Amino acid sequence: QVQLVESGGGLVQAGESLRLSCAASGEILSINAMGWYRQTTGSERELVATITNLGRTDYVDSVKDRFTISRDNAKNTVYLQMNSLKPEDTAVYYCNMNYYTPYGGNEYIFWGRGTQVTVSS
């Protein structure tokens, strides 16, 4: 089995910072891309940031210059440093990964359960 455990969400005021973490564990041979997505009630889940196993990153325009995604491959962990938070960043943040199992076969996608981030004005 595979797990993604997110942590670091919470309630902050506008302009403050939070750091999200997401640790993968279980029957994982290798992880390709890891990413953070967010979703508000009634809206579709949107991409926030992704990072490949080689460190290439991509961000949605609304978070560029404020958020930084990084990963520790040795720990199978991805981070999202969020600075200068705005009320519109309020959402449930989900971690995901594209990975291979030790048993061969195709690449799989797995999602964490999400962590709430609330930014008050």
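Colleague: Is C95 buried or exposed?
Modeller: This is a predicted model. The relative accessibility of C95 is 0%. Buried means under 20%. So C95 counts as buried.

Colleague: Which residue forms a disulfide with C95?
Modeller: The count comes to 1 disulfide. Its sulfur atoms lie 2.1 Å apart, and the cut-off is 2.5 Å. The partner of C95 in this disulfide is C22.

Colleague: How many residues apart are C22 and C95?
Modeller: C22 sits in strand β3, residues 18-26. C95 sits in strand β9, residues 91-100. The disulfide therefore links distant parts of the chain. The separation is 73 residues.

Colleague: Is the disulfide of C22 and C95 left-handed or right-handed?
Modeller: Look at the torsion about the S-S bond of C22 and C95. The value is about -80 degrees, so the disulfide is left-handed.

Colleague: And C22, is that residue buried or exposed?
Modeller: C22 has 0% relative accessibility. The limit for buried is under 20%. C22 therefore counts as buried.

Colleague: What is the C-alpha to C-alpha distance of V48 and C95?
Modeller: V48 is found in strand β5, residues 46-51. V48 counts as buried, at 0% relative accessibility. In sequence, V48 and C95 are 47 residues apart. In space, C-alpha to C-alpha, they are 9.9 Å apart.

Colleague: Which residue of strand β9 touches V48?
Modeller: Leave out residues up to four places away in sequence. V48 then touches several residues, among them W36, F67, L80 and Y93. Strand β9 covers residues 91-100. The residue asked for is Y93.

Colleague: Which strand gives the most to the largest nonpolar core?
Modeller: That core has 29 residues, and those with the most contacts inside it are W36, L80, M82, Y93 and M97. Strands that each supply at least two of its residues include β1, β3, β4 and β5. The top contribution is 5 residues, from β9.

Colleague: Which two of the core residues W36, L80, M82 and M97 with the most contacts does Y93 touch in strand β8?
Modeller: Strand β8 covers residues 77-82. Not counting residues up to four places away in sequence, the contacts of Y93 include E6, W36, V48 and V117. In β8, Y93 touches L80 and M82.

Colleague: What kind of aromatic pair do Y37 and W111 form?
Modeller: The structure holds 2 aromatic pairs. In the pair of Y37 and W111, the centres are 4.9 Å apart and the planes are at 65 degrees. An angle over 60 degrees counts as edge-to-face. The pair is edge-to-face.

Colleague: Which strand holds W111 in that pair?
Modeller: Y37 is in strand β4, 74 residues from W111. Y37 is buried, with a relative accessible area of 18%. W111 counts as partly exposed, at 33%. W111 lies in strand β10.

Colleague: How is the pair of Y99 and Y108 classed?
Modeller: Y99 is buried at 7% relative accessibility, whereas Y108 is partly exposed at 40%. Their rings are 5.9 Å apart, centre to centre, with 35 degrees between the planes. Stacked needs under 30 degrees, and edge-to-face over 60. The pair is tilted.

Colleague: Which residue lies over the face of W111?
Modeller: Charges sit over rings here too. The charged end of R19 is over the ring of Y79, 4.1 Å from its centre. For W111, the distance to the ring centre is 4.7 Å. The residue over W111 is R45.

How values were computed: Residues numbered from 1 in each chain as written. Predicted model: local features only at pLDDT ≥ 70, side-chain atom pairs only at ≥ 80, totals over all residues. Heavy atoms only, no water. Helix = DSSP H or I, 4+ residues; strand = E, 2+ residues; numbered from the N terminus. Buried < 20%, exposed > 50% of the residue type's maximum accessible area, 1.4 Å probe, protein only. Contact = heavy atoms within 4.5 Å. Core = buried A, V, L, I, M, F, W, Y, C linked by side-chain atoms within 4.5 Å. Phe/Tyr/Trp six-rings, centres within 6.5 Å; stacked < 30°, edge-to-face > 60°. Lys NZ or Arg CZ within 6 Å of the ring centre and 35° of its normal.
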